[in-house]
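Trainee: I would like a close look at a single part of this protein. Please take the aromatic pairs, and then the helix that carries one of them.

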Amino acid sequence: MELEAQQPETPPGITLLHYYSALLQRFGAQRWWPARTRLEVILGAVLTQNTNWNNAALALKNLRQSGLLRWDSLRRVSLEDLERLVRPAGFYRQKARTIHSFVEWLLARHRGSLHALFAQPPQELRRQLLQLRGLGPETTDAIILYAGKMPFFVADAYTRRILARHGLLPVAADYASAQTFLHRHLPAKVELFNEFHALLVEAGKRHCKRQEPKCDDCPLAPFLPDAGAQPQGILRDYSSGASMACPEETT
Ligand code: SF4
């Protein structure tokens with residue numbers, strides 16, 4: 001199935017980079033997850049599923065205060081204690097199980113070495129992570145991008161919604177199709193994917209709401225297919241059934 005909508009003269013890659021520039025100019029660099037350990041990024045990616053970042057941060061704070069942002073401590077914590085500590089993030093039983101399973105798997109498969117995990121070829125790394133309990137494509141790609149520093153675009157619900165409303169993707173484009181489109185048309189740069197994803201989330205939170213897009217003051221308004229025309233307000237709820245990887249994705 002051909003998933004790229006018909007586009008006028010400008011190549012999609014150029015259009016996307018224009019979006020990136022406009023968003024960066026308006027919102028500034030988001031600098032997601034700077035100066036964090038890879039383990040903390042992984043835990044944050046799990047904890048922010050289906051909740052906002054503030055709740056995930058509270059759970060991370062509990063883990064930090066209990067000394068569990070260190071691998072040698074985390075590998076010894078009980079599932080019950082994990083559940084208690086990550087409770088502020090919601091879905092705490094599920095998230096505690098995901099973290100616990102990941103720890104056990106990393107010990108068994110990679111001798112507990114994040115270095116060994118991320119030393120694998122990217123596609124193999126992604127394949128392995130996707131097989132783990134509780135890790136969907138968004139969480140997996142957030143881990144690979146932000147902890148592994150490998151260029152996998154997190155094609156989350158906000159990204160798909162914005163690109164669909166601008167005619168770059170069909171409304172029904174799924175995660176894999178959207179990611180394929182972005183990988184095909186953007187240079188495979190970690191810094192670009194990192195910042196662009198964060199900026200699209202910011203645009204989604206501030207302007208491109210699921211039911212009522214606020215185009216008037218949106219930095220992407222000049223790029224609407226028919227400038228001046230408002231997009232349809234109600235699109236498919238892309239978030240159903242998908243894990244969430246980044247702050248505030250449930251807006
Ligand atoms: S709010 Fe409007 S202009 Fe902004 S990204 Fe959404 S559809 Fe585009």
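Mentor: Here are the aromatic pairs, followed by one helix and its contact with another.

This is a predicted model, where local features need pLDDT of at least 70, side-chain atom pairs count only at pLDDT 80 or more, and totals for chains, interfaces and linings use all residues. Residues are numbered from 1 along each chain as its sequence is written, and side-chain values use heavy atoms, with hydrogens and water left out.

A pair of aromatic rings is described by the distance of the centres and the angle of the planes. Rings of Phe, Tyr and Trp (its six-membered ring) pair if their centres lie within 6.5 Å; planes under 30 degrees apart count as stacked, over 60 as edge-to-face and the rest as tilted. The whole structure holds six aromatic pairs.

Take Y20 and F196, an edge-to-face pair. Their centres are 5.3 Å apart, with 65° between the planes. Y20 sits in helix α1 (residues 12-27) and F196 in helix α12 (residues 190-206), so this pair ties together parts 176 residues apart in sequence. Helices are DSSP runs (H or I, at least four residues), numbered from the N terminus. Y20 counts as buried because its relative accessibility is 17%. F196 is buried too, at 1%. Buried means under 20% relative accessible area, with a 1.4 Å probe and protein chains only. Y20 and F196 also belong to one aromatic cluster with F153 and F193.

Now turn to F102 and W105. This pair is tilted: 6.1 Å centre to centre, 40° between the planes. F102 and W105 lie three residues apart in helix α6 (residues 92-110), so about one helical turn separates them. Both are buried.

F102 and W105 also help α6 meet a neighbour. Together with R109 and H110, they meet E124, Q128 and L129 in α8. Contact means heavy atoms within 4.5 Å. By class, this contact has three nonpolar, two polar and two charged residues. Ala, Val, Leu, Ile, Met, Phe, Trp, Tyr, Cys and Pro count as nonpolar, Asp, Glu, Lys and Arg as charged, and the others, Gly among them, as polar.

How do the two helices lie? The axes of α6 and helix α8 (residues 122-130) come within 12 Å and cross at roughly 135°. Axes are lines fitted to C-alpha atoms, for helices over the stretch in contact, and angles run from 0 to 180 degrees between N-to-C directions. α6 and α8 are therefore oblique to each other. Angles under 35 degrees count as roughly parallel, over 145 as roughly antiparallel, 65 to 115 as roughly perpendicular and the rest as oblique.

Methods. Buried < 20%, exposed > 50% of the residue type's maximum accessible area, 1.4 Å probe, protein only.
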